[in-house]
Amino acid sequence: MKSGCCLDVPFVNLACADSELVGAVDNAIRRVVESARFILGEEVETFEREFAVYTGATHCIGVGSGLDALHLALRAMGIGPGDEVIVPSHTFIATWLAVSHCGAIPVPVEPSLPGFLIDPLRIEAALTERTKAILAVHLYGMPADMDAIIALAKRHGLKVLEDAAQCHGAYYGDRRIGAHGDAVAWSFYPTKNLGAMGDGGAVTCNDPELAERLRRLRNYGSCRKYVHEERGFNSRLDPIQAAVLGVKLRYLDGWNASRKRLADRYRQGLADTALVLPEVPAGNDHVWHLYVIRTTQRATLTEWLANRGVQTQTHYPIPPHLQAAYLDLGHQRGAFPVAESLADEVLSLPMWPHLDDAAQDHVIAAIRAFAR
């Protein structure tokens, strides 16, 4: 039961963005329906061109989901059975699943605290003669340390795949995330900074041969009807989703600016509490897909906020190495203590571009009341 709450604050409200775009999105969907082209075609090609330009990449290949983007990118890089791929110990399980779907083995590396991103200084110790790639995740909206990761990969002859499912529009250095490594995998799940109205994903890269293989892999191993050059998959970005994404892409920078303003308000409003707030190193960009705090009192804070109408989420409560899906790897509790401590302490606060100041002030006031 709520305690004297006059304001409900959902964790995310997708209807706000949809109402802002209703006319443009309706027209885009109608255009697809009238074309009667429901697999690949002009809408997908147009979005691929626009998103490639936006990210600064030469190629964009639309696929069915973010997991497919990761999986197919690894396959296109030649990752296969028996290979090892460096992955973060703290990430959504899709990062690991993509490696497993290739028959390869995910090798976890811990984050560097107080942040959440894979620590480049720990990667080298995890390398073996079977390591073929590093899968760097730009988690919660902030890019990983790509300069250090790419330098390490070059020294050891490794491929670099970036998981940018939560980092649409972020800059690393003087250019957007899009092709710093060998390829970048994207998710367009509805809650992402750039989200579709269903599942969708893409891979961006600068290598024409890699792009061509990805186009084959997503389409039954074929670039020409009934000619199948390899054993491919059925994973194609839906034209309706591509049309919707094309509309939303024009708003992405503005939405990210709103997220940054909201993150700054959280930082100021919660600065003198006992919470561990997210840090952004000088010179880094962050597009705040999530605003993730840390607290040893997560369960009681979550309940306190829920009783005051504030929805929160935990990303992610069980680290991949302790999931039943990966028991066969033999990792025991305590093997990756940083990931395990984050799993016990992280809490994501409401964050979406149209979150208004009054609702955010209610969240901040509720947390400050809990702290008192």
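Start by selecting Ala36, which counts as exposed at 53% relative accessibility. You are looking at a predicted model, and this residue sits in the loop between helix 2 (22-35) and helix 3 (42-55). Check its backbone: Ala36 has a positive phi of about 60 degrees although it is not a glycine.

Now jump to Tyr226, another non-glycine residue with a positive phi, here near 70 degrees. Look for Tyr226 in the loop between helix 8 (208-217) and helix 9 (239-249). Is Tyr226 buried or exposed? With a relative accessible area of 70%, Tyr226 is exposed, since the cut-off for that word is over 50%.

**Two cis peptide bonds**

Select Leu113 and Pro114 and show the backbone. The bond joining them is cis, with omega near 15 degrees. Pro114 belongs to the loop between strand 3 (105-109) and helix 6 (120-126).

Next, pick His315 and Tyr316, whose peptide bond is also cis; its omega is near 10 degrees. Tyr316 is in the loop between helix 11 (298-307) and helix 12 (337-345).

**Into the strands**

Time to color strand 1 (residues 59-63), where 5 of 5 residues are buried. In a regular strand, side chains alternate between the two faces of the sheet. Turn on the side chains: His59, Ile61 and Val63 point one way from strand 1, while Cys60 and Gly62 point the other way.

Which strand pairs with strand 1 in the antiparallel sense? Select strand 9 (residues 201-205), which is joined to strand 1 over 5 bridges. To see one such pairing, find Cys60 and its bridge partner in strand 9, Thr204.

From strand 9, step across to strand 8; these two run antiparallel and are joined by 4 bridges. Ser187 has Gly201 of strand 9 as its bridge partner. Strand 8 (residues 183-187) is largely enclosed by the rest of the structure, because 5 of its 5 residues are buried. Ala183, Ala185 and Ser187 point one way from strand 8, and Val184 and Trp186 the other.

Add strand 5 (residues 159-163), which pairs with strand 8 in the parallel sense over 3 bridges. Here Asp163 stands opposite Ala185.

**Last stop: a helix pair**

Finish with helix 10 (residues 252-269) and helix 13 (residues 357-371), whose axes come within 10 Å and cross at roughly 30 degrees. The two helices are therefore roughly parallel to each other, and their crossing is right-handed. To view the contact, show Arg261, Leu262, Arg265, Tyr266 and Gly269 of helix 10 with Asp357, Gln360, Asp361, Val363, Ile364 and Arg368 of helix 13. Coloring by class will reveal 4 nonpolar, 2 polar and 5 charged residues in this contact.

Note on methods. Residues numbered from 1 in each chain as written. Predicted model: local features only at pLDDT ≥ 70, side-chain atom pairs only at ≥ 80, totals over all residues. Heavy atoms only, no water. Axes fitted to C-alpha atoms, helices over the stretch in contact; angles between N-to-C directions. Parallel < 35°, antiparallel > 145°, perpendicular 65-115°, else oblique. Left-handed = near helix turned anticlockwise from the far one by under 90°. Contact = heavy atoms within 4.5 Å. Nonpolar A, V, L, I, M, F, W, Y, C, P; charged D, E, K, R; others polar. Buried < 20%, exposed > 50% of the residue type's maximum accessible area, 1.4 Å probe, protein only. Pairing = 2+ DSSP bridges.
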